[in-house]
Amino acid sequence: MLKEAITYRIPKDHSVRIVQITDPHLFADPEGHLLGVNTANSFEAVINTIKALSYPADLLLATGDLSQDFSGESYQSFVKAIGPLNLPCHYLPGNHDDPRIMHLHMQGKQIYGQRRILAGNWQIIMLDSTVRGKPGGHLAEEEFAIIRSAIEAAPELHVLLVMHHNPIKVNCAWLDQHWMDNGDEFLQQMAKLPQVKGMLWGHVHQQLDSHYQGQQQSIKLMATPSTCIQFKPLSPYFALDVLQPGYRLLELRADGSMLTNVHRIPGERFAPDIQASGY
């Protein structure tokens, strides 16, 4: 089950620095709006903010829902938009993506669909949590097998697991219907593997920083805001937040610890409209 890996020649005693972007929901039409927000414009604003920060990143992770309309043009727009960052980009599908169209059109010199990334003292494993035709997620046995085989191949490396769906509920009743439905099992199994230090996802359009405490270790859990609309935390019903689009920076340290922060674009440029259709 071990898949082809991408290797970055980062010294083992150095940190691995990552930018994560998620859920841009792009359209073929650059004027496409999602709940009142032009997603191409909000995505461009996030990319410009990242570029201006000059964070010394090694790679970019895009964690699903890159498209809103399943169009080839939306993926092409994504590739073009991230060009100014000049970073290798590793992507995975979300529930709004069509994996076949995605892989066909996510093409570029630094665009990668490989599932396993080796960098410094870490390996990053990109997981597919999608279920065709459903908004919720599930981690298939094949994905568990990929994790196990990757760790068996390099047991000395720390592991970051990356996916689209949330493996824990976020206390939004409407949103928690669409979580990873075997998330409890996933967390229990991963807590038995001392190499697994963190889990990173999108999907929930809000920030979450927490931990899962297993019998043997604690795993850092991280959800990241969308580059377009935001869902209001702790809401029992569908509700939008007024917080601006964002992204996450991570520093994976050689000792297995992590530093991470969520950043948002400045100002109040993007205001969602709950009355608008589209989600």
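**A mixed sheet, two packed helices and a pocket**

Let me begin with one strand pair in this predicted model: strand β8, residues 116-119, and strand β9, residues 122-126, run antiparallel and are joined by four bridges. Within that pair, L118 has Q123 in β9 as its bridge partner.

Helix α4, which covers residues 141-153, packs on the sheet to which these strands belong, where it touches β8 and β9 as well as β12 (158-162) and β13 (196-201), and its direction makes about 165° with that of β9. Helix α5, residues 183-190, also packs on the sheet, touching β12, β13, β14 and β15 (218-223), and in this case the direction makes about 155° with that of β13.

Stepping back to the sheet as a whole, we have seven strands in an open arrangement, in the order β1-β8-β9-β12-β13-β15-β14, and the pairing is mixed. At the edges are β1 (5-8) and β14 (208-213), each of which pairs on one side only. If direction is ignored, neighbouring strands of this sheet are turned by 20° against each other on average.

I turn now to the largest pocket, for which the computed volume is about 300 Å³. Which residues of its lining are closest to the centre? Of the 15 that line the pocket, they are A40, E44, S77, K80 and A81. Two elements, α1 (39-53) and α2 (72-82), give two or more residues to this lining, and the most come from α1, with six. Sorted by class, the lining of the largest pocket consists of nine nonpolar, three polar and three charged residues.

Conventions
Residues are numbered from 1 along each chain as its sequence is written. This is a predicted model: local features need pLDDT of at least 70, side-chain atom pairs count only at pLDDT 80 or more; totals for chains, interfaces and linings use all residues. Side-chain values use heavy atoms; hydrogens and water are left out. Two strands pair if DSSP finds at least two bridges between them. Axes are lines fitted to C-alpha atoms, for helices over the stretch in contact, and angles run from 0 to 180 degrees between N-to-C directions. Contact means heavy atoms within 4.5 Å. On a 1 Å grid over the protein atoms alone, a cavity is a set of points where a 1.4 Å probe fits but cannot get out, and a pocket is an open set with protein on both sides within 12 Å along at least five of seven lines; lining residues have an atom within 4 Å of a point. Grid points are joined across faces, edges and corners, and a volume is the space filled by probe spheres set on the points. Ala, Val, Leu, Ile, Met, Phe, Trp, Tyr, Cys and Pro count as nonpolar, Asp, Glu, Lys and Arg as charged, and the others, Gly among them, as polar.
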